[in-house]
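Me: I would like a close look at one part of this protein, followed outward from a single residue to the helix that holds it and then to the rest of the chain. Please take it step by step and keep to what the coordinates show.

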Amino acid sequence: MNRTFSSDVIVALDFKNLEETLAFLALFRSHDQLYLKVGMELYLQNGPQVLSALKERGHRIFLDLKLHDIPNTVYGASKGLAQYKVDMLNFHAAGGKEMLEAAKQGLLDGGSPETLAIAVTQLTSTSQEQIQAEQLIPVDLVTSVRHYAQLTKEAGLDGVVASVHEAPVIREACGRDFAIVTPGIRLVGGPSQDQKRIATPEVARQLGSSHIVVGRPITLASDPVSVYEAICQSFLK
């Protein structure tokens, strides 16, 4: 399925419970429809009620669970999660083409064809040295990411998660109608935390990201709304 993607800024909800999450979102009264990332910390400790609460408030959801298991298990998990009608769900491309195909089929059979299915290529916390020394991948990081992106497209998924720095080769290999979701977004002069391959919103826009995911630069800011608006202005202009 070919889709044309609008650019989006996704706010990562780096909180441990729903109460903290809603208190944070209360600051954004002038923004009715945020795009929000619910990750493992928030989802696994609080369950689907988080998704329901955010959907009731009109927000879009990227459910970031990075599912990775045998094809049958991922199919069942994907089909079960389809009931929550999240806007985006991700899987690990390292699970292979059969697993990725099962992931997509699970969403279809679960009645949520509109959910974007995307796959993680290499985490933005992973370095060139790590993929060679720890994963024993003999090719360079960019080649690995491009390969995973092409595999993801062949499996019929809608896009990938990758760092900004691999976005140009992914766009060249996979075309315009392929989502490139990029974490590791940091502001000029801000701390990198545990991310290694980082970039500013401006660079992400220039290099071809369709979505950027921003967490701590917003959630830890003294004025989260102003930082969010500045990032949107930089990325969406």
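Reply: A good place to begin is leucine 107, which counts as buried because its relative accessibility is 2%, below the 20% under which a residue is called buried. The model is a predicted one, and every value that follows is computed from it. Leucine 107 sits in helix α5, and, when residues up to four places away in sequence are not counted, it touches Ser78, Lys79, Ala82, Leu89, Ser112, Pro113, Thr115 and Ala117. The link back to earlier sequence can also be given as a distance, since the C-alpha atoms of leucine 107 and glycine 80 are 8.1 Å apart in space while the two residues are 27 apart in sequence.

Leucine 107 is one of several buried residues of α5, the others being Met99, Leu100, Ala102, Ala103, Lys104 and Gly106. Lys104 thus appears in the buried set together with residues such as Ala103 and Gly106. The elements against which the buried residues of α5 pack are β3 (60-67), α4 (71-81), β4 (88-92), β5 (116-120) and α7 (141-154). As for the helix itself, α5 covers residues 97-109, and its 13 residues should span 18 Å at 1.5 Å a residue, which agrees with the 18 Å between its end C-alpha atoms. Just after α5 comes glycine 111, with a positive phi of about 85°.

Strand β4, one of the packing partners of α5, contains histidine 92. With a relative accessible area of 17%, histidine 92 is buried, and, its neighbours within four places in sequence aside, it is in contact with Lys66, Leu67, His68, Met99, Leu100, Val120 and Leu123. Two of these contacts, Met99 and Leu100, are named among the buried residues of α5, so that the strand and the helix can be followed to one another through particular side chains. The loop between α4 and β4 is the place of lysine 85, a residue with a positive phi of about 55° although it is not a glycine. Lysine 85 is partly exposed, its relative accessible area being 35%.

Helix α7, another partner of α5, holds valine 142, which counts as partly exposed at 31% relative accessibility. Leaving aside its neighbours within four places in sequence, valine 142 is in contact with Glu166 and Val169. The C-alpha atom of valine 142 is separated by 8.8 Å from that of glutamine 128, which is 14 residues away along the chain. Leucine 136 has its place in the loop between α6 (128-133) and α7, and there it takes a positive phi near 60° in spite of not being a glycine. With a relative accessible area of 68%, leucine 136 is exposed.

Further along the chain, valine 164 lies in the loop between β6 (159-161) and α8. Although it belongs to a loop, valine 164 is buried, with a relative accessible area of 1%. Its contacts, once neighbours within four places in sequence are left aside, are Thr182, Ile185, Ala199, Val203, Ala204, Leu207 and Ser209. Proline 201, 37 residues from valine 164 along the chain, has its C-alpha atom 9.3 Å from that of the valine. Helix α8 (residues 167-174) contains glutamate 172, which is exposed at a relative accessible area of 69%. A separation of 9.8 Å lies between the C-alpha atoms of glutamate 172 and glycine 208, which are 36 residues apart along the chain.

These local views can now be set in the whole chain, which has 11 helices and 8 strands. Its radius of gyration is 17 Å, close to the 18 Å that the globule rule gives for 237 residues, so the chain is as compact as a globular protein of that length. Along the principal axes, the C-alpha trace spans about 45 × 40 × 35 Å. Buried residues make up 52% of the 237 residues, and leucine 107, with its 2% relative accessibility, is counted as buried. Of the contacts between residues at least 6 apart in sequence, 71% join residues at least 24 apart. The chain exposes about 10600 Å², of which carbon and sulfur atoms supply 51%. Finally, there are 22 positive and 26 negative side chains, and the centres of the two sets lie 3 Å apart.

Conventions: Residues are numbered from 1 along each chain as its sequence is written. This is a predicted model: local features need pLDDT of at least 70, side-chain atom pairs count only at pLDDT 80 or more; totals for chains, interfaces and linings use all residues. Side-chain values use heavy atoms; hydrogens and water are left out. Helices (H or I, at least four residues) and strands (E, at least two) are DSSP runs, numbered from the N terminus. The radius of gyration is taken over C-alpha atoms; the globule rule is 2.2 Å times the number of residues to the power 0.38. Buried means under 20% relative accessible area, exposed over 50%, partly exposed in between (1.4 Å probe, protein chains only). Contact means heavy atoms within 4.5 Å. Accessible areas come from the Shrake-Rupley method with a 1.4 Å probe; for residues, only the protein chains shown count as cover. Lys and Arg count as positive and Asp and Glu as negative; His and the chain ends are not counted. The place of a charge is taken as NZ of Lys, CZ of Arg, CG of Asp or CD of Glu. The expected span of a helix is 1.5 Å times one less than its number of residues.
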